[in-house]
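Hi everyone, thanks for coming. Today I'd like to walk you through one protein model, step by step, and please keep the picture open while I talk.

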Amino acid sequence: MSTIGNMTLEELKQLINETVDERLKRLFGEFEIDENELFPDEEPDTRTWEEVKESIRRNRWTPPPGAKSSLELLREDRDS
């Protein structure tokens, strides 16, 4: 193992990242979640990123003309 003084910048960054990851895992545990474990009966989503964006665009809800903005609704809620 080399000493810190002999490490390249990339080696030092890697050491720092590994140390931080190790400490976070010790504190909080693993965060890698397998979607198949959460939704075992669902088929995996094999859409491309472009297909997902297109689906979002097609299914986006647009408020009707004259509808209150979220800021107006928030102000009403706050004032009531």
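Let me begin with a term we'll need: a residue is called buried when its relative accessible area is under 20%, exposed when that value is over 50%, and partly exposed in between. Take Asp 45 as a trial run: its relative accessibility is 49%, so Asp 45 counts as partly exposed. One more thing before we go on: what you see is a predicted model.

Let's look at the overall fold. How many helices and strands does the protein chain have? There are four helices and zero strands. If you follow the sequence from start to end, the pattern reads α-α-α-α. The radius of gyration is 24 Å, while the globule rule gives 12 Å for 80 residues, so the protein chain is more spread out than a compact globule. You can also picture this through the C-alpha trace, which spans about 65 × 40 × 25 Å along its principal axes.

What share of the 80 residues is buried? The answer is 2%. The protein chain exposes about 8,300 Å², and 54% of that comes from carbon and sulfur atoms.

Now for helix 1, which covers residues 9–28. Glu 11 sits in this helix, and because its relative accessibility is 36%, Glu 11 counts as partly exposed. Further along helix 1 you'll find Leu 24. With 41% relative accessibility, Leu 24 is also in the partly exposed class.

Leu 24 has company, too. Together with Ile 16, Val 20, Leu 27, Phe 28 and Phe 31, it makes up a nonpolar patch on the surface. The accessible area of these residues together is about 650 Å². Where is Phe 31 in all this? Phe 31 belongs to the loop between helix 1 and helix 2. Is Phe 31 buried or exposed? Its relative accessibility is 61%, so Phe 31 counts as exposed.

Here are two distances you can trace on the screen. From Phe 31 to Asn 17 is 14 residues in sequence, and their C-alpha atoms are 16 Å apart in space. For Glu 11 and Phe 39, the separation along the chain is 28 residues, and the C-alpha atoms lie 39 Å apart.

Next, the charges. The protein chain carries 12 positive and 21 negative charges, and the mean positions of the two sets are 9 Å apart. Which residues form a negative surface patch? They are Asp 34, Glu 35, Glu 37, Asp 41 and Glu 42. Let's pick out Asp 41, which lies in the loop between helix 2 (35–38) and helix 3 (49–59). Asp 41 has a relative accessibility of 77%, and therefore counts as exposed.

Some charges pair up. To count a salt bridge, we ask for a side-chain nitrogen of Lys or Arg within 4 Å of a carboxyl oxygen of Asp or Glu. By this rule there are seven salt bridges. I'll show you three examples.

The first example brings back our friend Asp 45, whose side chain meets that of Arg 47 at 2.8 Å, N to O. Arg 47 is at 41% relative accessibility, so Arg 47 counts as partly exposed.

The next example joins Glu 50 and Lys 53, at 3.3 Å from N to O. Both are in helix 3, and because they are three residues apart there, about one helical turn separates them. Glu 50 counts as exposed because its relative accessibility is 51%. Lys 53, at 35%, counts as partly exposed.

The last example is the pair Asp 79 and Arg 78, whose side chains form a salt bridge at 3.4 Å, N to O. Asp 79 has 60% relative accessibility, so Asp 79 counts as exposed. Arg 78 is at 59%, and Arg 78 counts as exposed as well.

To wrap up, please take this picture home: a predicted model with four helices and zero strands, and with 2% of its residues buried. Thanks for listening, and I'm happy to go back to any part of it!

Definitions and conventions. Residues are numbered from 1 along each chain as its sequence is written. This is a predicted model: local features need pLDDT of at least 70, side-chain atom pairs count only at pLDDT 80 or more; totals for chains, interfaces and linings use all residues. Side-chain values use heavy atoms; hydrogens and water are left out. Helices (H or I, at least four residues) and strands (E, at least two) are DSSP runs, numbered from the N terminus. The radius of gyration is taken over C-alpha atoms; the globule rule is 2.2 Å times the number of residues to the power 0.38. Buried means under 20% relative accessible area, exposed over 50%, partly exposed in between (1.4 Å probe, protein chains only). Accessible areas come from the Shrake-Rupley method with a 1.4 Å probe; for residues, only the protein chains shown count as cover. Lys and Arg count as positive and Asp and Glu as negative; His and the chain ends are not counted. The place of a charge is taken as NZ of Lys, CZ of Arg, CG of Asp or CD of Glu. Patches are made of residues with over 30% relative accessible area and no salt bridge: like charges are joined within 9 Å, nonpolar side chains (Val, Leu, Ile, Met, Phe, Trp, Tyr) within 5 Å.
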